[in-house]
Amino acid sequence: MGNGSLREAPRMGKEPNSDPPNNNSKLISIMSQPFRWLKMLSSELNPSFIAGVILVYGLSHGFSSSFFKVVSDYYWKDVQKLQPSVVQIYIGIYAIPWVMKPIWGLLTDAFPVRGYLRRPYFVIAGVVGATSAVAVAVKGGLGVLEALGLLIGISGAMAIADVTIDACIVRNSIEVQWLAQDLQSLCGACSSIGHLIGYSTSGVFVHLLGAQEALGILAIPPAMIILLGFFMHETPSTTFQYNGKSKAGSIKHVGVAIRDTCKAIKYPHVWKPSLFMFLCLSLSISTHEGQFYWYTDKKAGPAFSQESVGLIYAIGSAASLIGVLIYHKTLRDLKFRRILFFAQIFYGVAGFLDVIFVLRWNLALKIPDQLFVVLEECVTRIVARIRWTPMMVLNTRLCSVGIEGTFFALLACIDSLGTLCSKWSGGLVLHAFGVTRSDFRNLWLVVLLRTVLRFVVVAFVFLVPDASQSDILVPSDQTMISKISCSTTVKEDGDCIPLVSMKGEGRG
């Protein structure tokens, strides 16, 4: 199955002594190509693993995060009646569970539950998420801190599920390296489709149910994650005994994982691209809440309705799929440094569209608000997807066998810290420039500052390795760290915590 990627799908050429294919057969071939691609991935890896990727990235990472983003914005604005700069700080707070991803990664690497390393954590994530969503929806008169705690629970459930499936993805990307780009394309496609559904329905549910009650819809995806924990294929450890010795072994393995992770992050080819990804996210300060309040303002802004806001984001998610397709078809063979250099420049250029919109220059150009914001959202989403996908591929290339869950979670934590800095610094800038619920005179200056900072990131692209996306970036001695550590544990304790492969048993 070495030629199973989408770009290497069988060509519908003319065979000897056969009639030329008609237009219908070509159309059927094009439409069936994604299904043949999924079939290839399922046969090379495991059908339940692919189903897990689709479920977590499509339903939890895609639908839940987009639905949560819009509904929680309206919840803070209309129910709690907070200022945009304050909401920006709160959004950063319930992003903290994503910063804690290394802790979740350590748990999934070193603390099996009845021999299982991954499945129990899907169940835990589902229970936490469903309980928090139901509580915030049905309990009236919530205080700000109480509501914030429940929203942190929803966000934390998504983070735990994300870490758990990421550990599986990284392991399979290491074992079947030629599928690493395909797996990231699958993640990007599922996430974009989930975002499309989440954004397109969020405004409707806010209008019909109200912002607080609409948050209850977020109990459905965690319930599906619970089912995934029961049905996803994972071979339990046969060497793990449920006694005090095994617990001591788990604690010792945590120490080994932390030591190996600290050793790995010191390699220049690891910390340099990690630093670039942090700067890439943190320097592009977030102005989302200021723009959201302006979008919905009836005097200063375009006064978009609840349904319109969701629809705008939904169209952007559909455009994000185009970004996935562009990357998968034409950019996956480019070197990391080259693709990130040009993607960041285009990302900066796209930021000027926001400046034009806030200044209402689009009206001077005779472009209606609805049309211009859709064009801006589509361009930004396409460029953002092209910019983000190779960074995720790079993250998988930096991981070592044995600590893949912990180390990938650490890299994701660095990204989350960058996002957190972006949210909080954006909130401080909005406050410093006097942007409030009703005063948007300086909003264009905040957006302009954010756009200029995007170009500053280009100066740091030298930190990214000038290597192909299919190259092995981790030295062979580093990939053996965990195996050696595990061997040492076997010698000293007579036991070793096995690592899980999501590939099916008995495959040739």
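What follows is a short tutorial chat about reading burial, contacts, salt bridges and a pocket in a predicted model.

User: Let's start with single residues. Where does Ser 64 sit, and is Ser 64 buried or exposed?

Analyst: Place the residue in its element, then check its accessible area. Ser 64 belongs to helix α2, which spans residues 47-79. Its relative accessible area is 4%, so Ser 64 is buried, the cut-off being under 20%.

User: Which residues does Ser 64 touch, once close sequence neighbours are set aside?

Analyst: Skipping residues up to four places away, Ser 64 touches Leu 59, Met 158, Leu 218 and Pro 221.

User: Can we try a second one? Where is Leu 151, and how accessible is Leu 151?

Analyst: Leu 151 is part of helix α7, residues 144-175. Its relative accessibility is 0%, so Leu 151 counts as buried. With neighbours within four places in sequence left out, its contacts are Phe 68, Trp 76, Tyr 94 and Leu 215.

User: How far is Leu 151 from Tyr 90, in sequence and in space?

Analyst: Set the two separations side by side. Leu 151 and Tyr 90 are 61 residues apart along the sequence, and their C-alpha atoms are 9.8 Å apart. Tyr 90 also takes us to helix α3, where it is one of the buried residues.

User: How many residues of α3 are buried, and which ones?

Analyst: Helix α3 covers residues 84-93 and is mostly covered, with seven of its 10 residues buried. Besides Tyr 90, the buried set holds Pro 84, Ser 85, Val 87, Gln 88, Ile 91 and Gly 92. As background, an α-helix has 3.6 residues a turn, so residues three or four places apart point the same way.

User: On to charges. How many salt bridges are there?

Analyst: The general idea is that side chains of opposite charge can pair when their charged atoms come close. Here the count comes to seven salt bridges.

User: Which one links distant parts of the chain?

Analyst: Take Arg 450 and Asp 354, whose side chains meet in a salt bridge at 2.9 Å, N to O. This pair links distant parts of the chain: Arg 450 is in helix α19 (residues 443-456) and Asp 354 in helix α15 (residues 336-358), 96 residues apart. Arg 450 counts as buried because its relative accessibility is 4%. Asp 354, at 6%, counts as buried too.

User: What about Asp 439 and Asp 78: which partners do they have?

Analyst: Asp 439 pairs with Arg 441, with the closest N and O atoms 2.9 Å apart. At 22% relative accessibility Asp 439 is partly exposed, while Arg 441, at 65%, is exposed. Asp 78 pairs with Lys 77, and there the closest N and O atoms are 3.4 Å apart. Asp 78 is partly exposed at 32%, whereas Lys 77 is buried at 15%.

User: Last topic, pockets. What is the volume of the largest pocket, and which residues lie nearest its centre?

Analyst: Go from volume to lining to chemistry. The largest pocket has a volume of about 630 Å³. Its lining has 25 residues, with Pro 34, Trp 37, Ala 189, Ile 193 and Leu 321 nearest the centre.

User: Which helices supply that lining, and what is its chemistry?

Analyst: At least two lining residues come from each of α1 (23-44), α2, α8 (180-209), α10 (220-231) and α14 (306-331). Helix α8 gives the most, with seven residues. As for chemistry, the lining of the largest pocket has 20 nonpolar residues, five polar and no charged.

How values were computed: Residues numbered from 1 in each chain as written. Predicted model: local features only at pLDDT ≥ 70, side-chain atom pairs only at ≥ 80, totals over all residues. Heavy atoms only, no water. Helix = DSSP H or I, 4+ residues; strand = E, 2+ residues; numbered from the N terminus. Buried < 20%, exposed > 50% of the residue type's maximum accessible area, 1.4 Å probe, protein only. Contact = heavy atoms within 4.5 Å. Salt bridge = Lys/Arg side-chain N within 4 Å of Asp/Glu carboxyl O. 1 Å grid on protein atoms, 1.4 Å probe; cavity = no way out; pocket = protein on both sides within 12 Å on 5 of 7 lines; lining within 4 Å. Points joined across faces, edges and corners; volume = space filled by probe spheres on them. Nonpolar A, V, L, I, M, F, W, Y, C, P; charged D, E, K, R; others polar.
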